[in-house]
Amino acid sequence: MQQDGIWPHTIRFDGGAPGTIRFDGGAPRRTLTQIITGRLQPGAPDWVYLPVVVPDGVSAIAASYSYHRPEVVDGAVGNACDLGVFDPRGIEFGGEGFRGWSGGARTGFMISENSATPGYLPGPVPGGTWHVALAPYTVSSEGLGFTVRVAIGFGSDSTDEVVAAVGTDGEPAVLPRRSAPPPQRIGGRGPGWYRGDSHVHSIYSDGRRTPERVAELARAGGLDFMISTEHNTPAAHPVWGALAGDDLLIITGEEVTTRNGHLLALGIEPGSWVDWRFRAIDDQLGQIADRIHDLGGIAVAAHPYGGCIGCFWKFGYAAVDAVEVWNGPWGIHNECAVATWDNLLVAGDRDRWLPAMGNSDAHADPDVIGLPRTVVQAAELSSSAITEAITAGRSWIAESGDVDLDFIARADGAPAGIGERLPTDRQAVITVSARVSGVPNGRIRLVTDQGELQAVPIDDAGSAEVTWQTTASLSAYVRLEVRHPLPAGVPLPFGPMAAMTNPIFLG
């Protein structure tokens with residue numbers, strides 16, 4: 001006999017195959033709730049799927065989870081576990097069953113025809129076997145004990161009841177369904193330099209800002225475009241249509257959050273989804289990059305030296321189209337990324353080199369959207385033109401809209417700009433010119449495959465110009481860095497970056 005909507009027993013999962021939650025479709029109540037408890041041991045799978053058999057006629061499904069978080073000594077591994085869900089279309093890798101992901105940002109979710117928790121996809125709740133997905137990032141030596149509550153509701157007005165039934169005490173927030181993805185092109189904006197931030201988050205994953213606030217801050221920062229990159233979900237894509245405009249192109253994307261690094265899928269079709277459930281050892285990155293390309297996007301390795309669990313990039317760079325060498329405020333993680341990228345320029349294939357880009361990865365206050373920003377030379381202000389310019393390396397990175405620069409190389413009267421090649425005889429004299437503004441008391445560095453070969457101080461008004469000569473026999477490429485003075489006591493080899501360019505290849 002059911003009492004208060006909760007079956008009087010729980011299903012235990014002690015490793016191995018999890019027990020199945022089954023709901024009785026013939027029960028008279030509008031809301032039914034069940035509980036599964038269990039424990040994961042060290043060495044648990046990356047993804048644990050808890051089956052939930054849902055009858056026909058359900059209008060809403062909700063779930064919440066909690067798990068034990070023991071205190072551990074410094075250096076020991078604690079417990080960390082993420083949450084998501086798949087519908088009866090299945091849990092197969094790259095399949096169609098994905099219905100939402102919140103990682104560790106929320107304690108639960110709700111899905112109905114016309115509303116859903118941010119990060120989850122509203123729509124029908126079909127009968128069949130759903131799977132609540134747990135993703136234990138780390139499991140402590142004493143194991144990870146968990147409790148999952150699942151509720152289903154019958155009737156269009158049952159959404160509040162199922163949320164209350166899973167006991168999240170007001171969370172998760174539930175938002176109405178929207179279906180107006182942003183246009184991926186702004187008419188009347190032809191060739192030019194466009195500034196944008198291609199890595200931003202909102203409440204639709206682990207951010208704390210509403211999409212409305214994100215768009216407001218992008219406009220306030222003087223951006224021409226931004227790319228929505230929620231972790232592992234396209235749930236925000238239909239939200240941005242009402243927030244885009246002729247003054248701001250909003251491009252759809254995803255941050256594919258694997259256990260061996262994060263991958264930005266930039267410019268993918270609105271509503272499309274890229275699976276994240278793989279490690280480097282699975283040899284899936286090439287297949288995933290191909291899917292991103294099929295969806296109209298590009299694949300970018302994000303923050304290669306990020307400090308969070310799973311953030312360090314371990315896939316190599318052969319399959320990606322670019323690398324995010326500058327992520328958020330300047331720090332040692334960015335310095336390491338630039339050094340790695342420069343090494344790849346020296347040792348890599350000149351016909352298939354890896355362009356650099358920079359983004360804010362902004363989540364919440366006080367993160368600054370547009371710190372940094374990538375400035376691209378694109379044929380028009382559209383998703384395809386922006387991503388094509390990033391892939392071609394026709395771009396440079398700035399810490400803010402106050403910084404500006406020009407950078408060009410010439411030989412025998414022929415010019416080449418950022419991301420281009422200057423074809424010339426190996427012994428012909430090449431003149432490199434740069435102009436910088438907006439960086440008071442900074443320093444211009446001309447860097448080649450041999451390292452820094454020319455440096456010029458910038459006056460306190462923030463402007464400087466430099467002209468330098470070389471040959472293709474001495475320099476395979478030249479790129480520009482603009483640095484602030486190195487603060488006393490800061491353990492960095494150079495001052496914080498104010499701007500940097502992709503290379504100009506010589507010869």
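In the predicted model, strand 4 (residues 48–54) and strand 10 (residues 128–138) are paired in the antiparallel sense, and seven bridges connect them. Within this pairing, Val-48 is placed opposite Leu-134 of strand 10, while Tyr-49 faces Ala-133, likewise in strand 10. In a regular strand, side chains alternate between the two faces of the sheet. Strand 4 is mostly covered, with six of its seven residues classed as buried.

Strand 4 also pairs with strand 2, here in the parallel sense and over two bridges; in this pairing Arg-22 stands opposite Val-53 of strand 4. These pairings belong to an open sheet of five strands, arranged in the order 2-4-10-6-7 and mixed in its pairing. The edges of this sheet are formed by strand 2 (21–22) and strand 7 (98–103), each of which pairs on one side only.

On the edge strand 7, the residue Ser-102 was examined individually. Because its relative accessibility is 6%, and buried is taken to mean under 20%, Ser-102 counts as buried. When neighbours within four places in sequence are left aside, the contacts of Ser-102 are with Leu-83 and Tyr-120.

With regard to the protein as a whole, the secondary structure comprises five helices and 31 strands. The radius of gyration is 25 Å, which agrees with the value near 23 Å that a compact globule of 507 residues would have. Taken along the principal axes, the box filled by the C-alpha atoms has dimensions of roughly 90 × 50 × 40 Å.

Burial was also assessed over the full protein, and 57% of the 507 residues count as buried. The accessible surface comes to about 19,700 Å², and carbon and sulfur atoms account for 51% of that area. Of the contacts between residues at least 6 apart in sequence, 71% join residues that are at least 24 apart. As for the distribution of charge, the protein carries 36 positive and 58 negative charges, and the mean positions of these two sets lie 1 Å apart.

How values were computed. Residues are numbered from 1 along each chain as its sequence is written. This is a predicted model: local features need pLDDT of at least 70, side-chain atom pairs count only at pLDDT 80 or more; totals for chains, interfaces and linings use all residues. Side-chain values use heavy atoms; hydrogens and water are left out. Helices (H or I, at least four residues) and strands (E, at least two) are DSSP runs, numbered from the N terminus. The radius of gyration is taken over C-alpha atoms; the globule rule is 2.2 Å times the number of residues to the power 0.38. Buried means under 20% relative accessible area, exposed over 50%, partly exposed in between (1.4 Å probe, protein chains only). Contact means heavy atoms within 4.5 Å. Accessible areas come from the Shrake-Rupley method with a 1.4 Å probe; for residues, only the protein chains shown count as cover. Lys and Arg count as positive and Asp and Glu as negative; His and the chain ends are not counted. The place of a charge is taken as NZ of Lys, CZ of Arg, CG of Asp or CD of Glu. Two strands pair if DSSP finds at least two bridges between them.
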